[in-house]
Amino acid sequence: MTALSIAFVPGVSPAKWVRVWRQRRPDVDLVLMPVTADDVLDVIEGDADMVFARMPVPERADGEQPHAIPLWTETAVVAAPKDSPLAELEEVTEADLAGVTVLDAGPVPSDVAAALDLVEANVGVVVLPQSLFRAESRKSLVSRPLAGSPGTRVALVWRDEDASELTEEFIGVVRGRTANSSRQQDQPTGADPDEQDGARQKASGKAPGGKATAANAKTVAKRSATKGTGAKSGGGKNSTGRGRTPRGMSGKPKRGSKGNR
């Protein structure tokens, strides 16, 4: 079976696109490879066709940069103990960090874990991408957005040597192209996929999991009630079934009927 190998760094989940790919191309085996940030260059020069990595990507030995399509920007957060004064803030500024020991998380998961261990011991705080903090899931710590931080850019990276119809098709999946759409129909991806999903759920009035929120449920119930009363108003058909207004009625739809929504 033909195969496509996709690597990804900690905190970046390709699951959303993997589902689409496997539905669209069941004839191609999609191999997933978790790697550390330090291994990005080695893995695309070795076993992986493409890799989800954080920018900047190191240069190759020949001085050339791999191809990279920026996808979204991760929010930078400050990880602090729950009983820290910083935990009381909605967001942290550089001024708030004055006099506070800021630890280096480093790119390797073990370094991140070690840094968060020190935060739990009240040695200091650490600034890192929100996805890495979520991946560690430390119940004794909280994260607060770092105001003014540019965040971290995540990109899909590959080499010229590995470019193929399959890599092009995978790029299309990541960019939201349908199976029959052209490259000109790409949708821009400027936010973390998890945050995009949450925004779409909020806009549609649905909570994560697909259930309607309480506010949305109330709106739906109100509309249903309005529709029911509108069927009895002068805006509907009369008993003759011809749609004319009976003699003696004004012909204007009552308040709350379909005509006045």
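## A tour from V78 to T167

Start by selecting V78: its bridge partner in β8 is R144. You're looking at a predicted model, numbered from 1 along each chain as its sequence is written, where local features need pLDDT of at least 70, side-chain atom pairs count only at pLDDT 80 or more, and totals for chains, interfaces and linings use all residues. Side-chain values use heavy atoms, with hydrogens and water left out.

**Stop 1: strand β5**

Now widen the selection to β5, residues 76–81. Strands here are DSSP runs of E with at least two residues, helices are runs of H or I with at least four, and both are numbered from the N terminus. β5 pairs (at least two DSSP bridges between the strands) with β8, residues 141–145, in the antiparallel sense over five bridges. Add β7, residues 125–129, and you'll find another antiparallel pairing with β5, this one over four bridges. V78 turns up here too, standing opposite V127 in β7. Is β5 mostly covered or mostly open? Mostly covered: six of its six residues are buried, where buried means under 20% relative accessible area, exposed means over 50% and partly exposed lies in between (1.4 Å probe, protein chains only).

**Stop 2: the five-stranded sheet**

Next, pick β2, β1, β3, β9 and β4, which form an open sheet in that order, with mixed pairing. The edge strands are β2 (28–34) and β4 (67–74); each has a single partner strand, so one side of each is left without a neighbour in the sheet. From one strand to the next, the twist averages 20 degrees.

Zoom in on β3 (residues 50–54) and β9 (residues 152–158), which run antiparallel and are joined by four bridges. Select F52 and look across: its bridge partner in β9 is L156.

**Stop 3: two helices on the sheet**

Turn on α5, residues 165–174, which packs on the sheet and touches β1, β2, β3, β4 and β9. Contact means heavy atoms within 4.5 Å. The direction of α5 makes about 50 degrees with that of β1; axes are lines fitted to C-alpha atoms, for helices over the stretch in contact, and angles run from 0 to 180 degrees between N-to-C directions. Then add α1 (residues 15–24), which lies across β1 (2–8), β2, β3 and β4 and runs at about 165 degrees to β2.

How do the two helices sit against each other? α1 and α5 pack at an angle of about 125 degrees, with their axes 9 Å apart. To see the contact, show W17, V20, W21 and R24 in α1, then L166, E169, F170, V173 and V174 in α5. By class, that contact has seven nonpolar, no polar and two charged residues (nonpolar: Ala, Val, Leu, Ile, Met, Phe, Trp, Tyr, Cys and Pro; charged: Asp, Glu, Lys and Arg; polar: the others, Gly among them).

**Stop 4: inside α5**

Keep α5 on screen and colour its buried residues: L166, T167, F170, I171, G172, V173 and V174. That's seven of its ten residues, leaving α5 mostly covered. These buried residues pack against β1, α1, β2, β3, β4 and β9.

Finish on T167. Why does T167 count as buried? Because its relative accessibility is 2%. Leaving out residues up to four places away in sequence, T167 touches L4, D49, M50 and D162.

**Zooming out**

Show everything again: the protein has seven helices and nine strands. Of its 261 residues, 34% are buried.
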